[in-house]
Amino acid sequence: MASDQPPFAMPAGACDCHIHINDPRFPYLPDAELKPPLATVEDYRRIQARLGLERVVVVQPSSYGVDNRCTLDAVGRFGQARARAVVVVPPDASPALLRELHDQGARGVRFNLARGAALGSASIEALAPRLADVGWHVQLHAQADTIAALAPMLRRLPVPVVLDHLARLPHADGADSAAHAALAAVRGLLDQGNTWIKLSGAYLDSRSGPPAYEDRAPVARALLAAAPERLVWGTDWPHPAASAGERPMPDAGRLLGLLADWTSDAALRQRLLVDNPQSLYGFDPVPSRASSA
């Protein structure tokens with residue numbers, strides 16, 4: 001399916017910081033909550049080429065549990081100059097295992113509390129010192145009220161915390177006290193300086209829906225105003241919740257185009273798509289177009 005084209009020129013080294021790969025060579029867990037359609041490296045390369053994206057972060061999906069073979073195979077095929085992984089590991093993962101995964105391109109561990117997690121929240125604080133030793137981060141997918149409840153623990157962690165999908169924040173309007181409390185908790189984490197947020201998954205919590213997801217714009221703009229130096233962007237391709245019929249299927253190009261809706265600042269888009277991912281995931285600096293000509 002053709003993808004909408006983003007309404008701005010793509011900067012060199014632009015990174016999609018959240019995709020999943022589902023390859024038939026690697027079987028899903030028998031009891032996986034989601035068993036999405038195939039989404040291979042070759043499929044994603046067509047998205048990359050169409051949108052002008054050059055770098056990618058492959059995130060371990062819940063369907064594979066702690067079996068990271070598919071995710072790491074994808075990073076190997078993309079090449080570590082252009083790809084990184086976020087994996088899921090057992091709570092007792094050894095330093096040797098983490099170093100082995102690091103050598104294969106892993107830079108973080110995901111805790112998916114919103115969906116049948118292989119790792120629960122109790123494992124976060126126990127694992128964090130070992131993650132600090134290899135320079136990794138904790139990536140957390142959870143509803144905003146769960147993030148708010150975990151905020152005191154997240155502030156104590158010795159590693160960066162990356163919150164998926166706009167931190168699943170609802171639009172705090174009127175007298176919605178729970179939404180305001182969640183926004184205040186996430187803002188507090190951002191203000192502490194150790195938390196990052198992915199501007200991804202706009203389709204997950206939108207009531208207005210595609211193509212513009214207008215009701216997600218206030219949340220995105222609030223985050224952009226609060227901590228532009230610690231935000232990254234991602235498609236969430238191949239959109240597992242939509243593949244399962246839980247949401248309308250989004251268009252990857254339109255999701256990228258939301259950055260133009262949320263900000264008119266080209267320098268800020270450069271930061272979101274290139275500079276911030278380079279810092280968070282340890283990519284080499286992007287050569288200037290002049291020096292690479």
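Here a biologist and a modeller talk through a predicted model and the reasons behind some of its labels.

Biologist: Let's start with burial. Why is Asp23 called buried?

Modeller: Its relative accessible area is 6%, and buried means under 20%, so Asp23 earns the label.

Biologist: And what makes Arg77 partly exposed?

Modeller: Arg77 has a relative accessible area of 30%. Partly exposed covers what lies between buried, under 20%, and exposed, over 50%, so Arg77 belongs there.

Biologist: How do you know that Asp23 and Arg77 meet in a salt bridge?

Modeller: The N to O distance between their side chains is 3.7 Å. The cut-off is a side-chain nitrogen of Lys or Arg within 4 Å of a carboxyl oxygen of Asp or Glu, so the pair qualifies.

Biologist: Where in the chain do these two partners sit?

Modeller: Asp23 is in the loop between strand 1 and helix 1, while Arg77 is in helix 2 (residues 69-78); they are 54 residues apart, and the pair links distant parts of the chain. Both also belong to a network of salt bridges with Arg25, Glu42 and Asp73.

Biologist: Helix 1 has a pair too. What makes Asp43 and Arg46 a salt bridge?

Modeller: Their closest N and O atoms are 2.5 Å apart, and the limit is within 4 Å, so the name fits. Both residues lie in helix 1, three residues apart, about one turn of the helix.

Biologist: Why is Arg46 called exposed, but Asp43 partly exposed?

Modeller: Arg46 has a relative accessible area of 54%, and exposed means over 50%, so it passes. Asp43 has 24% relative accessibility; that falls between the 20% and 50% limits, so it is partly exposed.

Biologist: Which elements make up the β-α-β unit?

Modeller: Strand 1, helix 1 (residues 41-51) and strand 2 make it, and the unit is right-handed.

Biologist: How do you know that strand 1 and strand 2 pair?

Modeller: Three bridges join them, and pairing needs at least two, so they count as paired strands. They run parallel, with Ile19 opposite Val58 in strand 2. Five of the five residues in strand 1 are buried.

Biologist: One last topic, the second largest cavity. What kinds of residues line it?

Modeller: The lining divides into six nonpolar, four polar and no charged residues. Among them are Leu199, Ser200, Trp233 and Trp262. Helix 9 (residues 252-262) gives the largest share, three residues, and the space inside is about 50 Å³.

Key. Residues numbered from 1 in each chain as written. Predicted model: local features only at pLDDT ≥ 70, side-chain atom pairs only at ≥ 80, totals over all residues. Heavy atoms only, no water. 1 Å grid on protein atoms, 1.4 Å probe; cavity = no way out; pocket = protein on both sides within 12 Å on 5 of 7 lines; lining within 4 Å. Points joined across faces, edges and corners; volume = space filled by probe spheres on them. Helix = DSSP H or I, 4+ residues; strand = E, 2+ residues; numbered from the N terminus. Nonpolar A, V, L, I, M, F, W, Y, C, P; charged D, E, K, R; others polar. Buried < 20%, exposed > 50% of the residue type's maximum accessible area, 1.4 Å probe, protein only. Right-handed = clockwise from strand over helix to strand, strands pointing away.
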